[in-house]
Amino acid sequence: MPYLHIQISGAADDALAANVARQATELTARLLGKDPSLTAVVVDFIAPGRWFIGGRPLSGGGPRSYHWMVSITDETNTKREKAVYLEAVHRAMDELLGGVAEHSYVHVADLRASAYGFGGLTQEHRYQHPA
């Protein structure tokens, strides 16, 4: 039941957003073992003049940047799995965006099961009361 929020520098592009969401769902399922039918993805585009690296806006040209945040339940993935995931995400985004700034970020947020959930139930509750 991961939730992904992906921000990309540049003008809004629905086709790119769909490709990024598809890739996000696939990578998260394959590398982190998450159920794709429960994966939610939001893709936002940020104008290059509002995205800064080193105090300088990306509107001056150069590669695009992204911030990829995935929320997962704590203790469901190993450090190695997360490291492999981060590397794969960066490669995929580099390909999808035609090159990316080194200062592009992937954040795997390990959230406590008692403080994270969906449909009004925590992951802890779902673990203790399987359907």
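**Exercise 1. Place Thr 25 and describe its surroundings.**

Thr 25 sits in helix α1, residues 14–32. Helices here are DSSP runs of H or I with at least four residues, strands are runs of E with at least two, and both are numbered from the N terminus. The model is predicted: local features need pLDDT of at least 70, side-chain atom pairs count only at pLDDT 80 or more, and totals for chains, interfaces and linings use all residues. Residues are numbered from 1 along each chain as its sequence is written, and side-chain values use heavy atoms, with hydrogens and water left out.

Step 1: accessibility. Buried means under 20% relative accessible area, exposed over 50%, and partly exposed in between, with a 1.4 Å probe and protein chains only. Thr 25 has a relative accessible area of 19%, so it counts as buried.

Step 2: contacts. A contact means heavy atoms within 4.5 Å. Leaving aside neighbours within four places in sequence, Thr 25 touches Pro 36, Thr 39 and Val 41.

**Exercise 2. Set out the fold of the whole chain.**

Step 1: count the elements. The protein chain has three helices and eight strands.

Step 2: order them. Along the sequence the pattern reads β-α-β-β-β-β-α-β-β-β-α.

Step 3: take the extent. The C-alpha trace spans about 55 × 30 × 25 Å along its principal axes.

Step 4: check burial and contact range. Of the 131 residues, 37% are buried. Take the contacts between residues at least 6 apart in sequence: 76% of them join residues at least 24 apart.

Step 5: count charges. Lys and Arg count as positive, Asp and Glu as negative, while His and the chain ends are not counted. That gives 12 positive and 14 negative side chains in the protein chain. Each charge is placed at NZ of Lys, CZ of Arg, CG of Asp or CD of Glu. The centres of the two sets lie 3 Å apart.

**Exercise 3. Identify the main contributors to the largest nonpolar core.**

Step 1: define the set. A nonpolar core consists of buried Ala, Val, Leu, Ile, Met, Phe, Trp, Tyr and Cys residues joined through side-chain atoms within 4.5 Å.

Step 2: find the hubs. The largest core holds 25 residues, and Ile 8, Tyr 66, Trp 68, Tyr 85 and Met 93 touch the most other members.

Step 3: map the core to elements. Two or more residues come from each of β1 (3–9), α1, β2 (40–46), β5 (66–73), α2 (79–97) and β6 (105–111). Helix α1 gives the most, with seven residues.

Step 4: inspect one hub. Not counting residues up to four places away in sequence, Tyr 85 touches Leu 4, Leu 27, Thr 28, Leu 31, Leu 32, Trp 68, Val 70 and Val 108.

**Exercise 4. Compare two residues of strand β1, His 5 and Ser 9.**

Step 1: His 5. This residue lies in strand β1. Its relative accessibility is 24%, so it is partly exposed. Beyond four places in sequence, His 5 contacts Val 42, Asp 44, His 67, Trp 68 and Met 69.

Step 2: polar contacts. A polar contact is a pair of N or O atoms within 3.5 Å; within protein, one must be able to donate a hydrogen and the other to accept it, and residues adjacent in sequence count only if both atoms are side-chain atoms. The side chains of His 5 and Asp 44 form one at 2.6 Å.

Step 3: Ser 9. Ser 9 is also in strand β1. With a relative accessible area of 3%, Ser 9 is buried. A polar atom of the Ser 9 side chain lies 2.8 Å from the backbone nitrogen of Ser 65. Outside its four-place neighbourhood, Ser 9 contacts Ile 46, Trp 51, Leu 58, Arg 64 and Ser 65.

**Exercise 5. Relate Ala 109 to His 5.**

Step 1: place Ala 109. Ala 109 is in strand β6. At 7% relative accessibility it is buried.

Step 2: compare separations. Ala 109 and His 5 are 104 residues apart in sequence and 11 Å apart in space, C-alpha to C-alpha.

Step 3: list contacts. Ala 109 touches Met 69, Val 70, Ser 71 and Ile 72, not counting residues up to four places away.

**Exercise 6. Contrast two loop residues, Glu 75 and Tyr 116.**

Step 1: Glu 75. Glu 75 lies in the loop between β5 and α2. Its phi is positive, about 70°, although Glu 75 is not a glycine. The relative accessible area is 74%, so Glu 75 is exposed.

Step 2: Tyr 116. Tyr 116 lies in the loop between β6 and β7 (117–118). At 11% relative accessible area, Tyr 116 is buried. A polar atom of its side chain lies 3.4 Å from the backbone oxygen of Met 1.
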